[in-house]
Each structure stands twice: as structure tokens, then as C-alpha cells.
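Open the model in your viewer and keep the sequence panel handy. We'll go from one residue outward, selecting as we go.

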Amino acid sequence: VGAALGLIKQVLAEVLDEQDGELDADTRWAVKWFEQRGVDEGPFGEAEVLATSSGVSVDGLVRSGIVAAGKGKVRLLERDELPDDWDPVLDDRVSVWEATQHLVKALEDGGESAAADLLERLGGLGDSAQQLAYRLYSTCERKGWSKEAGPYNALAAVWGSLRSMASVEVANEQG
């Protein structure tokens with residue numbers, strides 16, 4: 001059983017590494033940080049080393065709206081810290097991480113119709129956000145972070161409905 005679990009973990013790590021190559025640099029950093037620390041803060045030096053290996057800078061992550069940094073510490077922004085009026089069309093540095101967090105926030109705050117509206121504005125980033133939400137849910141489950149797992153699972157669970165609603169909204173606007 002131990003050998004089988006080890007093999008499963010190895011294959012999962014290979015699949016996740018392959019998926020990471022398809023993500024933007026900001027999201028790759030955020031996923032690695034989240035897997036290590038969740039939304040807890042950590043040392044700036046550690047964040048900078050991770051940022052450099054991901055091809056970004058901590059200052060860039062702060063400007064992108066996904067990270068807070070100060071007093072030698074860095075942390076991912078929590079969803080309640082994200083701006084309520086965020087519009088991906090007007091944002092010049094949208095990451096899959098940011099899109100996913102805003103979709104979860106829209107679902108929590110405004111229900112399926114708000115999340116579907118945002119999904120429509122995200123365009124092609126939506127499918128990547130769905131995949132990331134499922135991955136973050138899996139990470140949370142594996143680490144026992146049930147409070148964080150629930151919102152990601154909720155987004156994944158209503159994804160089909162959101163896609164349908166977003167498609168209907170697009171059709172109504174065109175008609």
C-alpha cells in the first residue's frame with residue numbers, strides 16, 4: 001500500500017508539473033506559494049526566490065493585485081481583500097489565479113448570476129480558472145484546509161450552470 005501511494009503521489013506531481021507549464025507566471029508563483037503556505041504570510045526572501053524561479057518579481061505580484069507585501073513578509077491576498085469592482089477587461093495583468101479568486105468571490109457574494117457574468121467577461125481564461133479551482137480544491141483537501149476547500153469545490157460544482165448562463169447572456173446580447 002505504501003509503495004502504491006508513493007507511485008500515485010509521483011504521478012500526481014508529474015501531472016501537476018505539466019499543468020504548471022500551461023499557467024501564466026503569476027499563477028505558477030501563486031500555486032506554489034499556496035501549496036506551501038496557503039494564505040499565511042511568509043518571509044520576503046522566500047517569496048522572492050520563488051518569484052525569481054517563476055519568472056516574476058514580488059513587486060510585480062503586488063502590482064498585479066494578488067499579493068500583499070510589507071515589513072519583510074509576503075502573503076496571497078484573501079478573496080475578501082479583492083476589489084468588488086474588478087473588471088478583467090480593464091486589467092492589464094490578469095492571471096488565472098486572479099480570475100479564479102474573483103470567480104469564487106463573485107459566486108460567494110453575488111451567486112451564480114454574478115459568477116456567470118464575470119465568466120463571460122473572462123473569455124478564454126474561464127476554462128483555465130475552472131481547472132485551477134479544481135486543483136486548489138484538491139490541494140486544500142489533501143492538506144486538511146476544509147474552510148478553503150469549500151469555495152473552490154462550490155465553483156467546480158456549478159461550473160456547467162455558469163457556462164450555460166454565460167452562453168445565454170452572450171446569445172441574448174447578440175440577438
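Start by selecting Gln101 and whatever it touches: leaving aside residues up to four places away in sequence, you should find Arg79, Leu82, Leu136 and Tyr152. Bear in mind that this is a predicted model. Gln101 belongs to helix H5. Is Gln101 buried or exposed? Gln101 is buried, its relative accessible area being 5%. Now add Glu78 to the selection: in sequence Gln101 and Glu78 are 23 residues apart, yet from C-alpha to C-alpha they are 8.4 Å apart in space.

Next, show all of H5 (residues 96–122) together with helix H6 (residues 125–143). Their axes are 8 Å apart and the helices pack at an angle of about 95°. H5 and H6 are therefore roughly perpendicular to each other. To see where they meet, colour the contact residues. On the H5 side, pick Val96, Trp97, Ala99, Thr100, Gln101, Leu103, Leu119 and Leu122. On the H6 side, pick Leu125, Gly126, Ser128, Ala129, Leu132, Ala133 and Leu136. What kinds of residue make up this contact of H5 with H6? There are 11 nonpolar residues, 4 polar ones and no charged ones.

Two of the residues you just coloured, Trp97 and Leu103, lead to the next stop. In the largest nonpolar core, which has 42 residues, Trp29, Leu76, Trp97, Leu103, Leu155 and Leu162 touch the most other members. Which elements give two or more residues to this core? They are H2, helix H3 (44–54), helix H4 (58–64), S3, H5, H6, helix H7 (146–157) and helix H8 (159–174). H5 supplies the largest share, 12 residues. As background, nonpolar side chains tend to be buried together in soluble globular proteins.

Stay in the core and centre on Leu76. Beyond the residues up to four places away in sequence, Leu76 touches Trp29, Ala30, Trp33, Phe34, Gly38, Val39, Ile66, Val67, Glu81 and Trp97.

Now turn on the sheet. It is an open one of 3 strands, ordered S1-S3-S2, and the pairing is antiparallel. Strand S1 (42–43) and strand S2 (67–70) are at the edges with a single partner strand each, so each has one side left without a neighbour in the sheet. Select S2 and strand S3 (residues 73–76) and look between them: these antiparallel strands are joined by 4 bridges. Ala69 stands opposite Val74 of S3, and Gly70 has Lys73 as its bridge partner there. The hairpin of S2 and S3 has 2 residues between the strands, and Lys71 in this hairpin takes a positive phi near 55°.

With the sheet still on, add helix H2 (residues 25–37). H2 lies across S1, S2 and S3, and runs at about 100° to S3.

Finally, zoom out to the whole protein. You'll count 8 helices and 3 strands, and along the sequence they follow the pattern α-α-β-α-α-β-β-α-α-α-α. Of the 175 residues, 38% are buried. Taking contacts between residues at least 6 apart in sequence, 64% join residues at least 24 apart.

Notes: Residues are numbered from 1 along each chain as its sequence is written. This is a predicted model: local features need pLDDT of at least 70, side-chain atom pairs count only at pLDDT 80 or more; totals for chains, interfaces and linings use all residues. Side-chain values use heavy atoms; hydrogens and water are left out. Two strands pair if DSSP finds at least two bridges between them. Contact means heavy atoms within 4.5 Å. Axes are lines fitted to C-alpha atoms, for helices over the stretch in contact, and angles run from 0 to 180 degrees between N-to-C directions. Angles under 35 degrees count as roughly parallel, over 145 as roughly antiparallel, 65 to 115 as roughly perpendicular and the rest as oblique. Ala, Val, Leu, Ile, Met, Phe, Trp, Tyr, Cys and Pro count as nonpolar, Asp, Glu, Lys and Arg as charged, and the others, Gly among them, as polar. Buried means under 20% relative accessible area, exposed over 50%, partly exposed in between (1.4 Å probe, protein chains only). A nonpolar core is a set of buried Ala, Val, Leu, Ile, Met, Phe, Trp, Tyr and Cys residues joined through side-chain atoms within 4.5 Å.
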